[in-house]
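Let us walk through this model from its ligand outward. Start with the ligand's surroundings, then turn to a helix.

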Amino acid sequence: MNFTLSEEHIMIRNAAREFAKTELLPGVIERDNKQEFPEELVKKMANLGFMGIMVDPKYGGSGMDTISYVLIMEELSKIDASASVMVSVNNSLVCYGLEAYGTEEQKQKYLTKLASGQSIGAFCLSEPEAGSDATSQKTTAIDKGDHYLLNGTKNWITNGGRSDIYLVIAQTDKEKGHKGINAFIVEKGMEGFHIGPKEDKLGIRGSDTHTLQFNDVKVPKGNRIGEDGFGFKFAMKTLSGGRIGIAAQALGIASGAYELALKYSKERKAFGTEIANHQAIAFKLADMYTDIEASRMLVMKAAWDKDQGNNYDKSSAMAKLHASDTAMKHTVEAVQIHGGNGFVKEYHVERLMRDAKITQIYEGTSEIQKIVISRSVLRD
Ligand SMILES: Cc1cc2nc3c(=O)[nH]c(=O)nc-3n(C[C@H](O)[C@H](O)[C@H](O)COP(=O)(O)OP(=O)(O)OC[C@H]3O[C@@H](n4cnc5c(N)ncnc54)[C@H](O)[C@@H]3O)c2cc1C
């Protein structure tokens, strides 16, 4: 067992840390206020290889491992979880889904653009009546010979307005239940594809979340991913890796809040001494650090499992569950340590607290992670 990062991993982490401090930090409060998508920053992240971190260089990616991915995700998320969710969806849902399960033609046509950052991708599973229960897909794709006719609504889609390529899950044969679900590649601009208004959110306000409408959209047969009926398995497999990214995002939000709280507690004085010298505050810092380190171990283990080719369904669910609970609990504590200053925007911790909440909800709620974990431990 080796708990030491390689020199290369340290270099990657430092590059992401530097980028987050110099590029993401300056406008983060404004973007949050205005719900502004970090358009220019996406290009800069693409230049650093952050849009196709784990993709094979022959498809325009950076060819890094999952450990590198989580290190980058943690550093970006310490500062700007809106930017990091965009990176996470593009990398672990869209690029991974295409690289692992797409045809060579699909990879050449779509993955190369996504991995190099020329295009942005979205992953469209959730619907107004199908969230946790993803088998209840109401979106249909009817086989019309050389194409499928796609109809339905997807909601809460991250990168929804700014994407070029959408992976859309739909029911092709209701009789077959979840075995009658398929995944399709849909391009922006296809006739009948409409993008609804942007959601006004509690947190990750800079990220771009939309409802999408499909009215008789003709999707070529060649845009189906995998064998007929593979769509549900595709979604579950892809989300399992996505959870490693969201776990790393939660870890970053928690550690970002911790770093701010630690610094503040050494500067702010009350009753004649720095507040860190009051045991009530010192113990909060101890609890934060311990929970964050435990989350980091779980996140790294899940990433390592994926890199080793091990099954990572349980480890990614545990990482997401623990890291997201840690992020929620300790961003609240970071606000508390900041006192009144914690309640205003310029100190950053209130945004981290708002951003933390989503990590317990998307890519499977905490309750759903417990279902995944309990099924696994009961089976083992
Ligand atoms: C900002 C944001 C971005 C998102 N991005 C995307 C995206 O890019 N693509 C995408 O497809 N989706 C996306 N989602 C959707 C997200 O994944 C869903 O909101 C989430 O899966 C929960 O589904 P739901 O909202 O329908 O809640 P529901 O499924 O209705 O759940 C409501 C509550 O019931 C609980 N619950 C449900 N079933 C059970 C059960 N069996 N046992 C115990 N408790 C249960 C849930 O845990 C939750 O607490 C996003 C959501 C948000 C808010």
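Helices and strands here are DSSP runs, numbered from the N terminus; a strand needs at least two residues. The model is predicted.

Begin with the ligand. Its shell holds 18 residues. Among the closest are Ser126, Ser132 and Trp156. Thr365 and Glu367 also belong to that closest group. Sorted by class, the shell has 10 nonpolar residues, 5 polar ones and 3 charged ones.

Where does the shell come from? Strand E1 (121-124), strand E3 (147-158) and helix H11 (366-379) each supply at least two of its residues. The most come from E3, which gives 3 residues.

Now step up to the domains. Why does the ligand lie between domain 2 and domain 3? Domain 2 covers 122-231 and domain 3 covers 236-379. Both give residues to the shell, so the ligand lies between them. The space that the ligand takes is the largest pocket.

Next, the polar contacts, which pair N or O atoms within 3.5 Å. Two of them involve ligand oxygen. A side-chain N or O atom of serine 132 is 2.7 Å from an oxygen atom of the ligand. At leucine 125, the backbone takes part: one of its N or O atoms lies 2.9 Å from a ligand oxygen. Threonine 158 meets a nitrogen atom of the ligand instead, through an N or O atom of its side chain at 2.8 Å. How much of the ligand does the protein cover? On its own, the ligand has 970 Å² of accessible area, and the protein covers 64% of that.

Finally, look at threonine 290. This residue sits in helix H8, residues 279-308. A polar atom of its side chain lies 2.7 Å from the backbone oxygen of alanine 286. Threonine 326 is 36 residues away from threonine 290 along the chain, and their C-alpha atoms are separated by 9.8 Å.

Key:
Residues numbered from 1 in each chain as written. Predicted model: local features only at pLDDT ≥ 70, side-chain atom pairs only at ≥ 80, totals over all residues. Heavy atoms only, no water. Near = heavy atom within 4 Å. Polar contact = N/O pair within 3.5 Å; in protein donor to acceptor, adjacent residues only side chain to side chain. Areas by Shrake-Rupley, 256 points an atom, 1.4 Å probe, with all protein chains shown as cover. 1 Å grid on protein atoms, 1.4 Å probe; cavity = no way out; pocket = protein on both sides within 12 Å on 5 of 7 lines; lining within 4 Å. Sits in = over half its atoms within 2 Å of the grid points. Helix = DSSP H or I, 4+ residues; strand = E, 2+ residues; numbered from the N terminus. Nonpolar A, V, L, I, M, F, W, Y, C, P; charged D, E, K, R; others polar. Domains from an automatic or database assignment.
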